[in-house]
2 protein chains.
Amino acid sequence: MADRFLRRAHASEIVRKLCTKAIFEQGLITNGDRILIAASGGKDSSVMAWALSSLKNSLKTGYKLAALHISTDFCACCKKSVLSEKLESWGISFTDLFVPVTGRLKPGKKMNCYWCSTQRRTELIKYAVENGFNKIALGHHLDDIIETFFMNLCAKGELSAMPIKLVYRKFPVTLIRPLAYLEETQIIACAEEQDILKAACTCSYGAHSKRLDIRKKIAELTNSSGAVKRRILRAALMQSDTKGLEKE
Amino acid sequence: MADRFLRRAHASEIVRKLCTKAIFEQGLITNGDRILIAASGGKDSSVMAWALSSLKNSLKTGYKLAALHISTDFCACCKKSVLSEKLESWGISFTDLFVPVTGRLKPGKKMNCYWCSTQRRTELIKYAVENGFNKIALGHHLDDIIETFFMNLCAKGELSAMPIKLVYRKFPVTLIRPLAYLEETQIIACAEEQDILKAACTCSYGAHSKRLDIRKKIAELTNSSGAVKRRILRAALMQSDTKGLEKE
C-alpha cells in the first residue's frame, strides 16, 4: 500500500521527467514551435496535453499549444465539455472538428480502425497546415510503439516502428510523440493523480483482440520490465531512424 | 496418429526441400566448394550432414564434404564412433580434433558457453584454412536464429541475427547455415526417420535457462506457427544483411 502510494505520488513527476528526456534526446520541440495536440479525449493525449502545458516554464523553450479534437459519426462517447474545461484550465485552446468517418466509407465497405485513423490523421494534418501549426503531438506511449513493432514483425515480417519524430515530406508539419519513453501504467498513474482518468473516454472499437493479444504476449516476453521495453524501443527506433521518413 | 505418421514420413523430404531452398535463395553453395561440416555430434549438425550428402546428386552443383568434430576436456559424452560411422556411411570423411577448452581458461575464470563456442569456432576456422576448405557449414536452425534475435533484442536492445551466410573478411572462408529455414521439430522428425536421433549427443551445459526461457516465450508470441517464425526470420535477416559482416 505504501509502495502504491509512493508510486502514485510521484507519477506526475515521472511523466514530466520522461517527457523532458524524450523532448531533448529526440529534438522534439524547438523555440517558436506552434504545436497542435491531437486530443482524442482519452487518457494518453490528455496526460500529454497536461505535461506539455506543465513543462512550458521549466523547459525554457518558447512554444504555443492548442488542441484539436476530432468528433466522428462513429463514436460519440467523448465527454467533450469535461475535456475542453480541462484543456482550458491548462491554458490550451480547444477546437472541435466534426468528421463523418462512417459517412465517407465507400459503399459495401465496413468501418475499421485503419480507415478511421487515416481519416482523422488527414484532417489533423490539413487543420494544422491551414492554421499555421508546424508540429502535431500524438499521445502514443512506449507500449503502443512496442506493440506496433511486434505486430509488424509477426504479421508482416517487417522491422518497423512508429517514429518518435516524423518530418513529413509532403506537408510543412512534423509529428512528435512526447510520451514515447513512458509506459502505459505510468500514464494511468499520472492521469489518476491529475484527476484526468474519470474524464477520459476510450473508443470501444480500439479494444480489438489482436492488440490485446500481442500486449499479453509482450508482457510475458519482457516480464513487464520497463528496462527491457526501453531496450526494445531503442532497437526499434534504430529502424525508424532510417525508415521513418518513408512510413506513416 | 495418421497426421503424425504422415508428418514423420515426409520429414526427410521437408528437410531436403527447405535446405535446397535456403541454398538457392541465399547462394550458399557454388560449384567446386569444399565444405567443412562442423559436426558436434548433436541432432542438428548430423541432420545437416545427412542432408548435404543426400542433396549432392539432385543439386547438380559439384561440392566436396568433410566433417570436423571438436572434442573437448569439458564434454566427453559424444558417441564418436557412432557419429563417424554415420558420416562415413554418407560418404563424409570424419576428423576428430581435441581442444582443451577448460585447460585454456585463464586462472580464476569459469567455464561458460561463450568461451567454449569461441574456442571451437577459432579452431574450426583454423582447420578449414589450413586444409583448403572455403566454406564451413553450421547446423543452426530457424528456432536458434530467432532465439538469438530475441535475446539480443531484449537483453541488449540490438537488432541483430546470425546471418545465413557470413563472408569473413579476415579469413578466406565463408560460414553457411543450410538449416536456417527449418524448425527444430522438423529436424527432430527427420533425425528420427534417418535413425540419427539415438546416436546424437547434447551438451548438458547447453540447456541453460535463459535460452529455454526465451524459447517458451517465443512459442507463445508466435503460437508456434512456422509461418510467423519465417516472417520473423525474414525481418531479422534484413538486419544481418547489413550487419552480418561486422558480427560473429
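Before anything else, a note to self: an angle between two elements here runs from 0 to 180 degrees between N-to-C directions, with axes fitted to C-alpha atoms.

**Entry 1: the helix on the sheet.** I used that angle straight away on helix α3 of chain B, residues 43-54, which runs at about 155° to β1(B). I see that α3 lies across β1, β2 (63-72) and β4 of chain B. Then I turned to helix α6 of chain B, residues 113-130, and found that α6 packs on the sheet too, touching β1, β2, β3, β4 and β6 (174-176) of chain B. The direction of α6 makes about 140° with that of β2(B).

**Entry 2: how far to trust this.** I remind myself that this is a predicted model. For the complex I noted an ipTM of 0.80 and a pTM of 0.85 from the predictor. In chain A the mean pLDDT is 87, with 88% of residues at 70 or more. I flagged residues 241-247 of chain A, where the pLDDT falls below 50; this stretch still has 11 contacts in the model beyond near neighbours in sequence.

**Entry 3: the sheet itself.** In what order do the six strands of the open sheet in chain B lie? I read off β3-β2-β1-β4-β6-β5, with mixed pairing. At the edges I found β3 (93-99) and β5 (165-167) of chain B, each pairing on one side only. On average, neighbouring strands are turned by 25° against each other, direction ignored.

**Entry 4: one strand pair up close.** I picked β1 (residues 33-38) and β4 (residues 135-137) of chain B, which run parallel and are joined by three bridges. Here I found I35(B) opposite K135(B) in β4(B).

Conventions
Residues numbered from 1 in each chain as written. Chains lettered and ligands numbered in written order. Predicted model: local features only at pLDDT ≥ 70, side-chain atom pairs only at ≥ 80, totals over all residues. Heavy atoms only, no water. pLDDT = per-residue confidence, 0-100. Contact = heavy atoms within 4.5 Å. Pairing = 2+ DSSP bridges. Helix = DSSP H or I, 4+ residues; strand = E, 2+ residues; numbered from the N terminus.
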